[in-house]
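Here is a walk through one structure, taken a piece at a time. Keep the sequence and the 3D view side by side as you read.

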Amino acid sequence: MSDIKPFKNKVWLATPTMHGDEIKYIQDAYESNWMSTVGENINEVERQIAEKVGCKYAVALSAGTASLHLAIRLAGETLYGKAPVSGGALKGHKVFCSDVTFSATVNPVTYEGGEPVFIDTEYDTWNMDPKALAKAFEIYPDVRLIVVAHLYGTPGKIDEIRAIAKAHNALIVEDAAESLGASYKGKQTGTFGDFGCISFNGNKIITGSAGGMFLTNSEHDANKVRKWSTQSRENAAWYQHEEIGYNYRMSNVIAGVVRGQIPYLEEHIAQKKAIYEHYKEGLKDLPVQMNPYDKKNSEPNFWLSCMIINPEAMCKQVRGEQDALYLSEPGKSCPTEILETLAKYNAEGRPIWKPMHMQPIFRNHGFITKDGNGRANTNAYIAGESTDAGVDIFNRGLCLPSDNKMTPEEQDIIIKLIHNCFE
Ligand SMILES: *Cc1c(COP(=O)(O)O)cnc(C)c1O
């Protein structure tokens, strides 16, 4: 490895990529004094995203998490009636949630008093396993809400999940925060659920530095979310309130950044796809696979390139709650070794999102695999013999540097460093 020098400029996992128009739209907001949560940038980004994604209404919000919160509240009120002033719209109700996802997918369930029950992951797309979801409805037949994410920009098994939801009269909140621009059978993610959510966080495929949107075909739902996001003001001369509200509306300055980014969505996706393909080619002689997708039915946005090490090529790796250890072995490696190597050379990778059911905060929540109660066999988990897919993908997988400003030469060095780990 001695011939490789650390990168002078850090190679990142995923950072914002600006193009110049953003500053023009920010300037417009400034000069016209629309420095608030009203203005032309907001109107335009709502119109353009709705058109791009293929839904009737998009409501611009302060974050993807805000969008998920309002979507989940709306789902709760649709199912169970108007939320009490304290306690939330899902109080006392279980909600089926993706397990391998960012915590923002599931936290808003708890804001509304609901209880997330985690559904295991499948190996074909690394998303919610329809078999585990079907099992979960056998165990908890009263559940009426599913919150499902598309991990790393790869669409999940949408048809199967929708069919199960329909059979059980359940609603779907679709978390497309990571998958803006990805499609399934020719339709964009964010349009498959009863309520759709996207994010413009700084690390996403396009960004406003912050921000998110709620997507819907229902005018009623769009109006409801817009009203809640602006403190639930009633149509009166004074501040009149019949419902609890939030300060969740997008700023017109942030919307200027988003507006400047929207024309570059396709370009970013093409760059991310090229990065994915380059890794795939460069790693093909190693005992590893790239994060998989359904080539027949889906086109991911390739937000993050990931790899997973074949079971027989894993060296010994042990993870505690905060740190990890491994034993280096010829011909084998593990995510910890690769991530530590990349870090040493000034490149940023990341472990696979740690499954929610493994998080200390959710330790007492249900977890359902295709075989039933995933909590029944904790001893196997502790011994490293767990058969649930999410834990397995977390143990053997990692996110590779996927920044769209990374050069092919930099990527070749990363590929070489990964090869070195297996020597
Ligand atoms: C980023 C992200 C969110 C949250 O979006 P913010 O805009 O950061 O609030 C939600 N879900 C997933 C899966 C994400 O990756």
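Start with a pair of residues: M307 stands opposite L398 in strand 18. Keep in mind that this is a predicted model. The pair belongs to a longer match. Strand 12 covers residues 306–309, and strand 18 covers residues 397–399. Three bridges join these two strands, which run antiparallel.

Now widen the view to the whole sheet. Four strands form this sheet, and it is open. Read across it, and the order is 10-12-18-15. The pairing is antiparallel. Strand 10 (288–290) and strand 15 (350–351) stand at the edges. Each has a single partner strand, so one side of each is left without a neighbour in the sheet. As background, strands of a sheet pair through backbone hydrogen bonds, either parallel or antiparallel.

A further open sheet has three strands. Its order is 7-6-11, again with antiparallel pairing. Here the edge strands are strand 7 (187–188) and strand 11 (298–299). Each of them pairs on one side only. Look closely at strand 6, residues 183–184. Strand 6 and strand 7 pair in the antiparallel sense over two bridges. One residue match to find is S183, whose bridge partner in strand 7 is Q188.

Next, turn to the ligand. Where does the ligand sit? It occupies the second largest pocket. There are 15 residues around the ligand. Of these, T65, D175, E178, S199 and K204 come nearest. Helix 3 (residues 64–80) gives the largest share of the shell, with three residues. What is the make-up of the shell in nonpolar, polar and charged residues? The shell divides into five nonpolar, seven polar and three charged residues.

Now zoom in on polar contacts. A polar side-chain atom of T65 lies 2.5 Å from an oxygen atom of the ligand. For E178, a polar side-chain atom is likewise 2.5 Å from a ligand oxygen atom. K204 also takes part: an N or O atom in its side chain is 3.3 Å from an oxygen atom of the ligand. How much of the ligand does the protein cover? On its own, the ligand has 380 Å² of accessible area, and the protein covers 93% of that.

Notes:
Residues are numbered from 1 along each chain as its sequence is written. This is a predicted model: local features need pLDDT of at least 70, side-chain atom pairs count only at pLDDT 80 or more; totals for chains, interfaces and linings use all residues. Side-chain values use heavy atoms; hydrogens and water are left out. A residue is near a molecule or strand if one of its heavy atoms lies within 4 Å of it. A polar contact is a pair of N or O atoms within 3.5 Å; within protein, one must be able to donate a hydrogen and the other to accept it, and residues adjacent in sequence count only if both atoms are side-chain atoms. Accessible areas come from the Shrake-Rupley method with a 1.4 Å probe; for residues, only the protein chains shown count as cover. On a 1 Å grid over the protein atoms alone, a cavity is a set of points where a 1.4 Å probe fits but cannot get out, and a pocket is an open set with protein on both sides within 12 Å along at least five of seven lines; lining residues have an atom within 4 Å of a point. A molecule sits in a cavity or pocket if more than half of its atoms lie within 2 Å of its grid points. Ala, Val, Leu, Ile, Met, Phe, Trp, Tyr, Cys and Pro count as nonpolar, Asp, Glu, Lys and Arg as charged, and the others, Gly among them, as polar. Two strands pair if DSSP finds at least two bridges between them.
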